[in-house]
Structure formats: C-alpha cells, structure tokens
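Please examine the structure shown below. The discussion then takes up the ligand and its surroundings, followed by one helix.

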Amino acid sequence: MSSIGIIMNGVSGRMGYRQHLLRSILAIREQGGVLLSDGSRVQVVPLLVGRDEAKLAELARRHDIADYTTDLDAALADDRWQIYADFLVTKARSVAIRKAIAAGKAIYTEKPTAESFEEALELAQLAEEAGVKNGVVHDKLYLPGLRKLKRLIDSGFFGRILSVRGEFGYWVFEGDWQAAQRPSWNYRSEDGGGIIVDMFPHWSYVLENLFGRVQSVYAQAATEIPERVDERGRPYAATADDAAYAIFQLEGGITAQLNSGWTTRVNRDELVEFQVDGTHGSAVVGLFGCKIQPRNATPKPVWNPDLADEHDYAADWIDSPANEVFENGFKTQWEEFLRHVLEDAPHPYDFLAGARGVQLAEQGLISCRDGRRVLLPEVALPQADALAGAAR
Ligand SMILES: NC(=O)c1ccc[n+]([C@@H]2O[C@H](COP(=O)([O-])OP(=O)(O)OC[C@H]3O[C@@H](n4cnc5c(N)ncnc54)[C@H](O)[C@@H]3O)[C@@H](O)[C@H]2O)c1
C-alpha cells in the first residue's frame, strides 16, 4: 500500500486542526509519508469531516487537501478511507466511534474516549469483538520533559521512587474583559466539561506508564469561577469544576499528588511541572525541561526561622540534556499508530487504556462528591466466554 486514507472528524476544532491536522498529518505528508520498518514510506491522505462545509472547504483550500465532506456515514462506507480519527467534543464522540467500529475502520481518538466508564469499556469491548485496531491519544508521554524522565527512571537514577508532585495549570480568562483561551464547553458539565474529566485521563496514562497503575484516588474539586462569558459574549453559569486537588496511590507504594487548575497564575518554569523524589535522587520535569539533583549533590538544610536562608536552592539542580531531537508528540504517536495499522507494530495505548482514564475521572468525581478515598479495581474486558454465557 503506498497511501492510507484517514477520516479526520472534528478537524476544524482546536485539537483537530492544530495538533492532528497541522502538526501531525500534514507534517507526515510533507515528509513523504510514514516510514515503515523495511525503509518504505506510506503517504497519508486526509479526508476532512465536520458539520460546516464552508469551514472545511476553506481548510482544504488553505492546505491543498482534495477531500472534505459533511457526510460521515458516506465516508465510513467508502473503502478509500481505512482509519477513522476523532477530535470531536467529548459528548459527540461515542456515537461516531460506534459507527466507525461497525464500519470496520481502524480508530484513533482524542481522550476521553467516552463520557462514562461503562461506555468507554463498551467501546473497548466492541472494538475487540470487531477486530479493529484502536488507539487513544497519550500525548503527554511524548513530551520531551517526560521522555527525559522516562530515561532517568530506566537508568535507575532515582533509587526507590517515593513520591510524585505535579502542578498543572494557568489562568483561563473569564471571557468578560479578555476572551477566554479555551472553549466555553470546558466549563459546563452538561456539555462534557470539567477539569477532572479533562485532566484525569492524562494523569491516568502518565502515572501508569511511568510509575505504576493508579490504585486509589482522593480528589477535591471546586468551581472557583462560577460565571464565565462564552465565545459570543454571553454570560453563562460555569457548572463544571475548574480546579482539582488530588492524591493518587500507585501500585508499588508511590504516592502522587497532582493539582490541576484553570484558576491559578503560573509561578513555575512551565505550565506543567512534576517533581519526583527518590532515595538516590530527585528530578523536576516540565514539558521540555528536566533538572536533576543526585543524593551526592543534595544540600543539608537546617530549619531556622530566625535566620534568612542565603542558600540558592535553585542552583543545586543540574540540567538533563535532550541528547536527541524530540519531534512534536502528537506526530510521533500518530506515526506509531500508523505503523501499528500498516505493519502491526506495537501501540499499547488502546481503548482499554482510554477506559482506565475515564474510570479515573469518574471515580475522582465520586471521591469529590463523597469526600472519601476511592479504590480503583483493575480494568479488563469481560472474557468472550463470559459474555457468550451471559447472552445464553
Ligand atoms: N490531548 C490533549 O491534550 C487535549 C487537549 C484539549 C482537548 N482535548 C480533547 O480534544 C477534544 C476536542 O477538544 P477541543 O479543545 O479541540 O474542542 P473544540 O471545541 O475546539 O473542537 C471540537 C470539535 O467538535 C465539533 N463539534 C462540536 N459539537 C459537535 C457535535 N454535537 N457533533 C459533532 N461535532 C461537534 C466542533 O465543530 C469542533 O470541530 C475533546 O474531547 C478534548 O477532551 C485533548
């Protein structure tokens, strides 16, 4: 096969356009296609799908793309397109994915895969039964900072890892005197919004792939800005959480504490930052940066409130180099998924991983509601035999 057709649904949205079309598929097209293990290349051919024909036509013209349509069903029925990719608002996702599974397409989707864990698990089950390859965006794992962190873990730098502390957040404008920099549906729970639903799926795969599966969650969320102004200048009630303070217990005994906020002002090097402390060393990583402090370069602070401390703690850290070129993470994951579809290369970030992310968000919300720590059972697909038995 010298080319592969990709249905890109929701391509005019924020993520669909910038990360998936521009930075991934068009960048792959520009380089002559995705490189396979035998040295050959397969070119990508996008089909733009959405609800607004004029918008699609304009995107197609701007980027020299031959195909666009508002008719998803016709696109799914057409053999020219082998992959269905979904960047819709979360609420609209599962209906479209069900159709794509029924049409036998390989599927790649944004997170969260569904609005409820039950539905996310059902999608994983349906995809498994239909034998369609499936993948979910795990972009944060591909950030240069987190790639460097993975290297540190693999090298044994930390000794025994004790804890992870993370801060994610920035100020999202209310929309009255300055336009908000995120879509208004993010702040309405009835439209699939909320910072727990948005961020916990990310925390799920970041934690399980770097440190260990999440075994329990305690979360406290708040709607700190109760009224915002939408894209058309109309005030609306912000019904979803915009800040979440959470503690996760991980397999292996590591504690992770992650704050997520759209209502905090940045006083860090980057918009997300994790500190990992281990017996032999610590690291602070962001989107790009990674600094380390081994045990042999650790200062010995002494608590003394009577004396101003002159020690420059920031100077105790050493920058960890990249040592390789890290490309855009969305593009790198797209290439892995394409190789998975084309030559069965490994891509472990499937609908079941997506379901674990939705489970963490759902249980996080239950933890907030009930004010208690919630244990997370391991997620697995019901065995085919058990399902057949249940049907009998
Ligand atoms: N991986 C990440 O870092 C990341 C970051 C932000 C958002 N996301 C996820 O990406 C998805 C899209 O988010 P976004 O910020 O791009 O949103 P957006 O509002 O900018 O775009 C959403 C797209 O869905 C379309 N749409 C809206 N309602 C629809 C409906 N009822 N039926 C069909 N199409 C509809 C819109 O036209 C638009 O193309 C969400 O699921 C979100 O959780 C992921």
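The paragraphs that follow treat the ligand site and then helix α6.

The model is predicted. The ligand is surrounded by 23 residues, among which R14, M15, T90, R93 and W185 come nearest. By class, the shell around the ligand comprises ten nonpolar, five polar and eight charged residues. Three helices, α1 (14-30), α4 (90-102) and α7 (195-210), each contribute at least two residues to this shell. Of the elements that supply the shell, α4 gives the most, with three residues.

Specific polar atoms of the ligand can be paired with side chains. An N or O atom in the side chain of T90 lies 2.9 Å from an oxygen atom of the ligand, and the side chain of W185 likewise places an N or O atom 2.9 Å from a ligand oxygen. For E110, the partner is a nitrogen atom of the ligand, 3.1 Å from an N or O atom of the side chain. Taken alone, the ligand exposes 850 Å², of which the protein buries 80%.

Helix α6 (residues 144-155) offers a check on geometry. Because a helix rises 1.5 Å a residue, its twelve residues should span 16 Å, and the 17 Å between its end C-alpha atoms agrees with this. Within α6, the residues P144, G145, L146, K148, L149 and L152 are buried. The cover over these buried residues includes α7, β14 (272-278), β15 (281-285) and β16 (290-294). Helix α7 thus appears in both settings, as it also supplies at least two residues of the shell around the ligand. Just after α6, G156 adopts a positive phi of about 80 degrees.

Methods:
Residues are numbered from 1 along each chain as its sequence is written. This is a predicted model: local features need pLDDT of at least 70, side-chain atom pairs count only at pLDDT 80 or more; totals for chains, interfaces and linings use all residues. Side-chain values use heavy atoms; hydrogens and water are left out. A residue is near a molecule or strand if one of its heavy atoms lies within 4 Å of it. A polar contact is a pair of N or O atoms within 3.5 Å; within protein, one must be able to donate a hydrogen and the other to accept it, and residues adjacent in sequence count only if both atoms are side-chain atoms. Accessible areas come from the Shrake-Rupley method with a 1.4 Å probe; for residues, only the protein chains shown count as cover. Helices (H or I, at least four residues) and strands (E, at least two) are DSSP runs, numbered from the N terminus. Ala, Val, Leu, Ile, Met, Phe, Trp, Tyr, Cys and Pro count as nonpolar, Asp, Glu, Lys and Arg as charged, and the others, Gly among them, as polar. The expected span of a helix is 1.5 Å times one less than its number of residues. Buried means under 20% relative accessible area, exposed over 50%, partly exposed in between (1.4 Å probe, protein chains only). Contact means heavy atoms within 4.5 Å.
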